[in-house]
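Biologist: I would like a close look at one part of this protein, with enough of the surroundings to place it. Please take the packing of one helix against another, and then walk me through the rest.

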Amino acid sequence: MFASTYNKQKLFFYLYGLAGVFCVLAAFYFKEKALAVVPLTLVVMVWGIINFKSLYFFLLALIPLSIEVDVANGLGTDLPTEPLMIVFMCLALFYGITNLKKVDFSIFKNPLIILLILHVFWMFISTLFSTVPLFSVKFLLAKLWYISAFLIVTLIVVKNEKDLKTAFWCIFIPLVFTIFIALFRHALTGFDFTMINKSLYPFYRNHVNYAALLAVFLPFVFYATTWYKKFSFKYNVLILSILLFIVATYFSYTRASYLALIAMFGAYFIFKLKLAKYAVVFGVVLFIFIGIAISSQNKYLEFSPNTSTVSQEDLGSLMTSTFKARDVSSMERIYRWLAAVEMIKEKPIVGFGPNGFVENYKNFTFLKFRTWISTNEERSGVHNYFLMTATEQGLVGLALFLSLIFTIFIWGENLYHKTVKYKSLTMAVLVSFVAILINLFFSDMIEVDKTGSFFFLNIALLVFVSRKLENSEKHDTSINNGR
């Protein structure tokens with residue numbers, strides 16, 4: 001009997017090997033790289049079916065290690081994380097069908113889930129009217145597999161604090177590894193301002209993605225310190241890592257992340273003192289006031305580039321030129337932001353379609369603001385996620401996205417003051433969202449696995465805390481009724 005089982009396994013091994021060779025040869029013959037990964041995809045699918053949870057934690061560990069790759073025709077992907085997200089989208093669907101009785105449909109009453117569904121639905125409507133259908137469909141599909149992998153699967157897998165700890169260490173260890181590699185390589189250049197991006201290769205596309213991940217994850221390092229006794233080994237490791245994160249952020253030379261660190265510190269007290277709704281109103285009023293002040297009497301023309309608008313080669317010069325609005329990256333942002341405003345005027349309802357900014361914005365630019373980097377060979381976006389949403393999904397899409405953001409802060413703050421066991425986790429999530437928000441003002445980060453994953457992970461964690469609180473309240477009610 002043992003021999004029979006062994007022979008079957010041996011036969012399966014050889015057949016699988018031949019299938020793998022066949023797929024690789026077919027990939028070369030048909031010039032389709034995707035065929036070469038079919039055998040590996042099958043293995044991952046089987047792994048997911050056999051041990052769903054371990055594959056999920058494996059995906060989390062890959063977030064800091066993933067590599068961004070350009071595929072073709074302006075389309076890119078993150079390897080190996082994005083293919084894994086696609087696998088998880090299929091597995092989540094399979095799990096839902098095979099475990100229909102276990103699915104908690106009450107989740108669809110959660111305000112965050114409702115707003116997220118409406119946001120994605122409008123994205124679908126915008127895709128129907130897209131000026132770049134192929135790019136928009138890819139964008140929409142990517143949104144679905146991000147949500148599947150990091151929101152839906154998180155809610156399936158993460159059940160208790162033990163799972164939270166496993167998830168944390170799965171991200172923390174490889175992230176610290178990449179920080180050490182980056183700092184070591186950067187140190188060899190004397191922490192040269194111009195060499196930061198090369199020091200991050202191949203794990204990070206640029207210093208912005210790197211610094212954003214550091215800022216977004218830092219609150220969870222603070223949260224993790226609450227798990228262990230003071231001055232224990234793991235506690236000391238976490239405390240030292242906080243210092244490591246701050247040092248790494250400084251040497252990332254990324255202004256948005258400097259601002260994020262300051263904003264997170266202030267946000268902690270805002271949520272603590274129940275001031276989120278006032279902060280949201282103040283932020284909206286301030287944004288409108290700045291918009292009116294800049295647009296009145298064409299005042300924005302004063303910010304047009306001149307001969308002193310250059311690319312800076314040290315941090316001091318960069319910060320000085322930032323305050324004077326004279327560094328080239330700031331001018332390029334204004335160049336694209338003004339184009340985005342004109343695009344919104346052109347298509348205010350449904351926009352140009354998801355992922356449609358890059359293909360259309362040069363027809364709406366102001367030549368007066370053009371800089372030497374305006375050729376945009378890397379095909380980067382508007383560098384403001386809110387303007388990007390408005391240009392690609394119209395003002396309706398922007399309104400839905402802003403509603404989601406505001407609800408996260410206001411509803412999340414209320415959750416923080418209700419829960420007891422998960423109070424520190426809720427605060428970590430809210431402060432992490434502040435870091436995401438700051439980066440969204442200067443970058444298009446949700447479609448990048450380093451930070452986009454945390455946008456949906458954080459939503460999942462708020463829903464997780466909400467469900468725990470509801471279950472606790474039901475338990476208390478049943479006890480009281482029993483009396």
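Modeller: Take contacts in the protein between residues at least 6 apart in sequence: 75% of them join residues at least 24 apart. The model is a predicted one. Its secondary structure comes to 18 helices and two strands. The protein has 483 residues, and 49% of them count as buried.

Now the close look, at helix α3. Helix α3 runs over residues 52-62 and packs against helix α6, residues 133-157. The angle between them is about 135°, and the axes lie 11 Å apart. That angle makes α3 oblique to α6, because it falls outside the ranges for roughly parallel, roughly perpendicular and roughly antiparallel, the last of which starts over 145 degrees. The crossing of α3 past α6 is left-handed.

Which residues make the contact? On the α3 side they are Phe52, Lys53, Tyr56, Phe57, Leu59 and Leu60. On the α6 side they are Ala149, Phe150, Val153, Thr154, Ile156 and Val157. By type, the residues of this contact divide into ten nonpolar, one polar and one charged.

Helix α3 is mostly covered, with eight of its eleven residues buried. Those buried residues are Phe52, Leu55, Tyr56, Phe57, Leu59, Leu60, Ala61 and Leu62. Phe52, Tyr56, Phe57, Leu59 and Leu60 are buried, and these residues also meet α6.

A residue further along the chain comes next. Phenylalanine 464 sits in helix α18, residues 449-482. Is phenylalanine 464 buried or exposed? Its relative accessible area is 5%, so it counts as buried, the cut-off being under 20%. Phenylalanine 464 and valine 158 are 306 residues apart in sequence, yet their C-alpha atoms are 8.0 Å apart in space. Leaving out residues up to four places away in sequence, phenylalanine 464 touches Leu155, Val158, Lys159, Asn160, Leu164, Tyr422 and Leu425.

Helix α4 allows a check on length. It covers residues 81-98, which is 18 residues. At 1.5 Å a residue, α4 should span 26 Å, because the expected span counts one less than the number of residues. The C-alpha atoms at its ends are 25 Å apart, which agrees. The buried residues in α4 are Thr81, Glu82, Leu84, Met85, Val87, Phe88, Leu91, Ala92 and Gly96.

Next, the backbone in three loops. Phenylalanine 191 has a phi near 55°, a positive value in a residue other than glycine. It lies in the loop between α7, residues 161-187, and α8. Phenylalanine 191 has a relative accessible area of 27%, so it is partly exposed.

Lysine 274 also has a positive phi, of about 60°, although it is not a glycine. Its loop runs between α11, residues 255-272, and α12, residues 276-295. With 48% relative accessibility, lysine 274 counts as partly exposed, because exposed begins over 50%.

The remaining loop holds a cis bond. The peptide bond from tyrosine 201 to proline 202 is cis, with omega near 5°. Proline 202 is in the loop between α8, residues 196-200, and α9, residues 207-224.

Terms used
Residues numbered from 1 in each chain as written. Predicted model: local features only at pLDDT ≥ 70, side-chain atom pairs only at ≥ 80, totals over all residues. Heavy atoms only, no water. Helix = DSSP H or I, 4+ residues; strand = E, 2+ residues; numbered from the N terminus. Buried < 20%, exposed > 50% of the residue type's maximum accessible area, 1.4 Å probe, protein only. Axes fitted to C-alpha atoms, helices over the stretch in contact; angles between N-to-C directions. Parallel < 35°, antiparallel > 145°, perpendicular 65-115°, else oblique. Left-handed = near helix turned anticlockwise from the far one by under 90°. Contact = heavy atoms within 4.5 Å. Nonpolar A, V, L, I, M, F, W, Y, C, P; charged D, E, K, R; others polar.
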